[in-house]
Amino acid sequence: MATLTINGKKHELDVPDNMPLLWVIRDVVGMKGTKFGCGMAQCGACTVHLNGTAIRSCVTPVSAASGEITTIEAMADDPVGQKVQQAWLDLGVAQCGYCQGGQIMNATALLKQTPEPGTQEIIDAMAGNLCRCGTYNRILAAVERAAGKEVKS
C-alpha cells in the first residue's frame, strides 16, 4: 500500500512498489494531464514535481515518490505556474500541445529555484524537454516573460 500526496490531496493506493509514478498518476488516480512520451526519461513529457523538484515520472517508481507530488493540474493554483501558463498563452507557445504540460512543469520548477534566470540558464534547464513541433524559441521567450524579462512577441 502506497500513500501519495498529489496536489495536496492524500491518496491510499494498492499498487506495486515498482509501478512508475506516471501510471499511478494517470491510470490509478485518474489525472490525465501528465503525458507518456518516451518511457525512458529522455523527452520530459511526463515531468512532475516531487518536493518542488522536476522529475520524470515515467522512470520514478512509486516507492521512491515520498513527499509532495505536484502535477500540471495544480499549476493554475500556483503563482509561478500561473505566470508560466499566462506567458504560454500570451506568446502562443503550444503547437500540438503534447509536450507542453512537461515543459510548463519544468519551467515552473526552474523559476521557483532561480526566479531571474539568464538565457543560457533557461536553455540548459529546458534542454531535457523535447518538443517535436520545434517551438523552442517560443518556449524560451515564454520562460523569459514569466521571469519578468521584456521579450519580443
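Biologist: How many disulfides does the structure hold?
Modeller: Zero. A disulfide here is a pair of cysteine sulfur atoms within 2.5 Å, and no pair in this structure counts as one. Bear in mind that this is a predicted model, where local features need pLDDT of at least 70, side-chain atom pairs count only at pLDDT 80 or more, and totals for chains, interfaces and linings use all residues. Residues are numbered from 1 along each chain as its sequence is written, and side-chain values use heavy atoms, with hydrogens and water left out.

Biologist: How do you know that Cys38 isn't bonded to Cys43?
Modeller: The sulfur of Cys43 is the closest cysteine sulfur to that of Cys38, but at 3.9 Å it's too far for a bond.

Biologist: And what about Cys58, where is its nearest cysteine sulfur?
Modeller: In Cys46, 3.6 Å away, and Cys58 is in no disulfide.

Biologist: Why is Cys58 called buried and Cys38 partly exposed?
Modeller: Buried means under 20% relative accessible area, exposed means over 50%, and partly exposed is in between (1.4 Å probe, protein chains only). Cys58 has 11%, so buried it is; Cys38 has 26%, so it lands in the partly exposed class.

Biologist: What makes Ser57 buried?
Modeller: Its relative accessible area is 0%, so Ser57 is buried. Ser57 is in the loop between strand 4 (53-56) and strand 5 (68-70); strands (E, at least two residues) and helices (H or I, at least four) are DSSP runs, numbered from the N terminus. Leaving out residues up to four places away in sequence, Ser57 touches Pro20, Leu21, Leu22, Thr34, Cys46 and Val48, where contact means heavy atoms within 4.5 Å.

Biologist: Which backbone oxygen lies 2.7 Å from a polar atom of the Ser57 side chain?
Modeller: That of Cys46.

Biologist: What is the phi of Asn7, and what is that of Asn51?
Modeller: Asn7 is near 50 degrees, positive in a non-glycine, and Asn51 is at about 55 degrees, also positive without being a glycine. Most residues other than glycine have a negative phi. Asn7 sits in the loop between strand 1 (2-6) and strand 2 (9-13), and Asn51 in the loop between strand 3 (47-50) and strand 4. At 48% relative accessibility, Asn51 is partly exposed.

Biologist: How do you know that helix 2 has the span it should?
Modeller: The expected span is 1.5 Å times one less than the number of residues. Its twelve residues should therefore span 16 Å, and the end C-alpha atoms are 16 Å apart, which agrees.

Biologist: Which residues of helix 2 are buried, and how do you know that they line one face?
Modeller: They're Gly81, Val84, Ala87 and Trp88. Down the helix axis they fall within an arc of 125 degrees, so they line one face; that arc is taken over the directions from the axis to the C-beta atoms. On the other side of helix 2, Pro79, Lys83 and Leu89 are exposed. Helix 3 and helix 5 are among what covers the buried residues.

Biologist: What is in the largest nonpolar core?
Modeller: It has 23 residues, and those with the most contacts inside it are Val84, Trp88, Ile139 and Val143. A nonpolar core is a set of buried Ala, Val, Leu, Ile, Met, Phe, Trp, Tyr and Cys residues joined through side-chain atoms within 4.5 Å. Helix 5 gives the most to this core, six residues.

Technical notes. A polar contact is a pair of N or O atoms within 3.5 Å; within protein, one must be able to donate a hydrogen and the other to accept it, and residues adjacent in sequence count only if both atoms are side-chain atoms.
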